[in-house]
Amino acid sequence: MSENHIINIKDFANGFGLEHPSVQKVIKIAENIVSQNKTLDVETLYNRAKRILQIPRKGLLRIIQMLINRGILIEGTKYTRRSVLNNPLRKTIYFFIKENLGAHFSDIRKNIFTPGDEDDLGSAGQFIWHLEMLLKFKYIKKIKVKNFTVFIPIEVSDKVGELYFILRDDINREIVELIYTSGPLQRSDIYKIVEEKRETIYYRINNLAELALLEIDEEKGNLIHINPQRKEKVSMVLKDFRQAEENLIELSANGGSE
Amino acid sequence: MELNWNIEVYMNIFMVAFLWVSIITIFIYPRIRKIKSLFYLRLSLFMYSLTLLFDVFAFLYLNLLFSILGGYATLISTFFLVLTINYLMKEEYYSIPLIITIILAALGFYLGTQPGAASIEQGAGYIRVGWIGSFGFVCDLSTLVFMLLTFYWGFQTYINAPFLIKREAFIFLIGANIFAPISVISYLLLSLNPVFVLISNILFIVSLSCMIYVIIKEPKVLYILPFNVHRLLVKDKGGFPLFDHDWSESQVNETIFTGFINAVQLMSEEVMNIGGLLDINLREGILILHESQYISVGLVASKSSKLLRDSLVNFSKDFEMKFKRQLKKKSNSLSNYEDAIELIEKHFSNFPYKIIKDKTHPLLLSAKFTKLPSQLENKLKTIFPDEEEFLRIKSELIKSPSCVPNEFTDLYDEIKDEINVIPFEEAPLLNEKKSEEE
């Protein structure tokens, strides 16, 4: 037994630190076990360290306990679908996605990381990490709409998710709502009612048509109507937005009266 | 006057000496001297030694009064043992066994004053003085309660012991649960053969030695049952966490835990003074908060306790003293306060760790000590240039399924353009800027 393997009574009395050679050797043994892709647990670590270092049982257990206390050996249960939400930031992201259907990457990030707090909450990399964990454990899924990556709860269908994404935009929603309630309209009529720049409105209509939400009937003088195959879903999503708006108004009215 | 010397007298004298040595041993060890429950244990052992001493006089002088006084001492000894066990298990005195013991003691004290409580008779080859009739029955019943409680205490301690002190708990179990009952049974068989007194006393000595050895070597066995200490968090006045320590998994929600500390910090002047303590009862346990000049310390445990509160106050004082320079500078880097673990070892050394439930519970090396494939490590370092954030993600990564690192880097590559193309401050929908340019 080499001299630096020995932990004497004095070490116990004074408490030994991380720099103690025996402690360092136990860490090395733990690293070896992990690098061999073997399960690291107290029994394996204890048996191997006991064989190699020949430290008395009590001393070795104290080293292992100290490594646990100081967070060098950590509880090693892999993440489960349940425990993955223990991270508060990840949980916040998940609930934001659930409550704001159709939110895209930057939208979520903007709302979760309020400017100025970014340093506290972490970088974009960390944000993507949390999204990856939510994806991996099937809490959310991602869909691509044009250049945007949209994250939706796993239980929401891609098509509905896409609709929510499109209609989260006020101008898009106003255009679709108008056509939904008034029936087919010309571009110019839409432009007159929706108070926005002409090119913005025309660009949005083209976009919505590209996304197969609107259809332009060339035979009927470019009359624009909602894609009949998506009408039912559009109605549902619009209703949902209306409800959310009403709730918001009610909330602010209550807040104001108080 | 000729004294009635016999084997039982010799054994009892030896036992009295042994008990007094045991009492002094428990008293002189500084680590356990101030443990309140051991005060009652010492009283219980002392009363038991008086039982034996009175028995010695009763035998030597063939005196019934001494025998009855021995019975009284037994009843009181059991009463103090019940207090010991109650306090050790629940940190309170009241329990049903305590009521039973008090009733038995009251009954025993009355019956001891009645004629026919003790007698002189020939038994086991020599003249004995013993309790008889109802008084004898009550005293024997009290001895039985003594035995059953010791049995229960040892068993519960072993069952609930975390694996790091399981071996000590096992020795305690042997002491409390195997030798103690056998010793008592042997004592009850004494009337058949005097050799049983020898067996009984030897087993009692072994039993008590085991228990005292464990208590001295590992006082944590005394804190397995009364409460679970879950977590301690130190925050500075700005709300930054400075030090975090876990003993066991807590059911108290993280948001509630930190939320309460923040709330109390905000209204500390109204709720509590500097140096004040506040107990907040939660469904899942109790949150004890201590407010001092530079820091707020929160401790989550399964129940409140004076011992815990005292430990918390002393920890806070020492923490402020040890890190006064950093606290004055308002340094909130966790690494500056890592040495606070020494204060945990100083003030909370008797509370057992329960994070790792058994010896086959999977462990991992912390992120700092975990080696990743160099390519992945380099890639992650470019994504997370901040060292602390890198370690935070690494510690999550090692607990994730093996495919996650690659999937994460793929997702990052896929979305990173979106980070660059769409500015953080503004995230317009569907290429509006492009449309306006058009």
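These legends go with a handful of close-ups of a predicted model.

**View 1. Chain A meets chain B.** Here we look at the contact between the two chains: 68 residues of chain A touch 57 residues of chain B. Putting them together buries about 6,300 Å², and carbon and sulfur atoms supply 61% of that area. In polar terms, 14 residue pairs are in polar contact across this interface, with both partners at pLDDT 80 or more. On chain A's side, helix H8 (residues 124–136) gives the largest share, with 11 residues touching chain B. Sorted by type, the chain A residues on this side come out as 28 nonpolar, 18 polar and 22 charged.

**View 2. A:Arg90 between a carboxylate and a ring.** Zoom in on A:Arg90, whose side chain forms a salt bridge with that of B:Glu396, at 2.5 Å from N to O. The count of salt bridges between chain A and chain B is four. A:Arg90 also has a partner in chain A: its charged end sits over the ring of A:Tyr79, 5.5 Å from the ring centre. So what does the charged end of A:Arg90 sit over? The ring of A:Tyr79, while the salt bridge goes across to B:Glu396.

**View 3. A salt bridge along helix H2 of chain A.** In this view A:Lys28 pairs up with A:Glu31, and their closest N and O atoms are 3.3 Å apart. Both residues belong to helix H2 (residues 21–35) of chain A, and they are three residues apart, about one turn of the helix. Over all chains, the structure holds 24 salt bridges.

**View 4. An aromatic cluster in chain B.** Which residues make up this one aromatic cluster? Phenylalanine supplies B:Phe243, B:Phe315, B:Phe319, B:Phe323, B:Phe348 and B:Phe351. Joining them are B:Tyr223, B:Tyr337 and B:Trp247. For the whole model, the tally is 32 aromatic pairs over all chains.

**View 5. A lysine over a tyrosine in chain B.** The last close-up shows B:Lys166 lying over the face of B:Tyr158, 4.8 Å from the ring centre. For a charge over a ring in chain A, go back to View 2, where A:Arg90 sits over A:Tyr79.

Definitions and conventions
Residues numbered from 1 in each chain as written. Chains lettered and ligands numbered in written order. Predicted model: local features only at pLDDT ≥ 70, side-chain atom pairs only at ≥ 80, totals over all residues. Heavy atoms only, no water. Phe/Tyr/Trp six-rings, centres within 6.5 Å; stacked < 30°, edge-to-face > 60°. Lys NZ or Arg CZ within 6 Å of the ring centre and 35° of its normal. Contact = heavy atoms within 4.5 Å. Buried area = accessible area lost by both parts, 1.4 Å probe. Polar contact = N/O pair within 3.5 Å; in protein donor to acceptor, adjacent residues only side chain to side chain. Helix = DSSP H or I, 4+ residues; strand = E, 2+ residues; numbered from the N terminus. Nonpolar A, V, L, I, M, F, W, Y, C, P; charged D, E, K, R; others polar.
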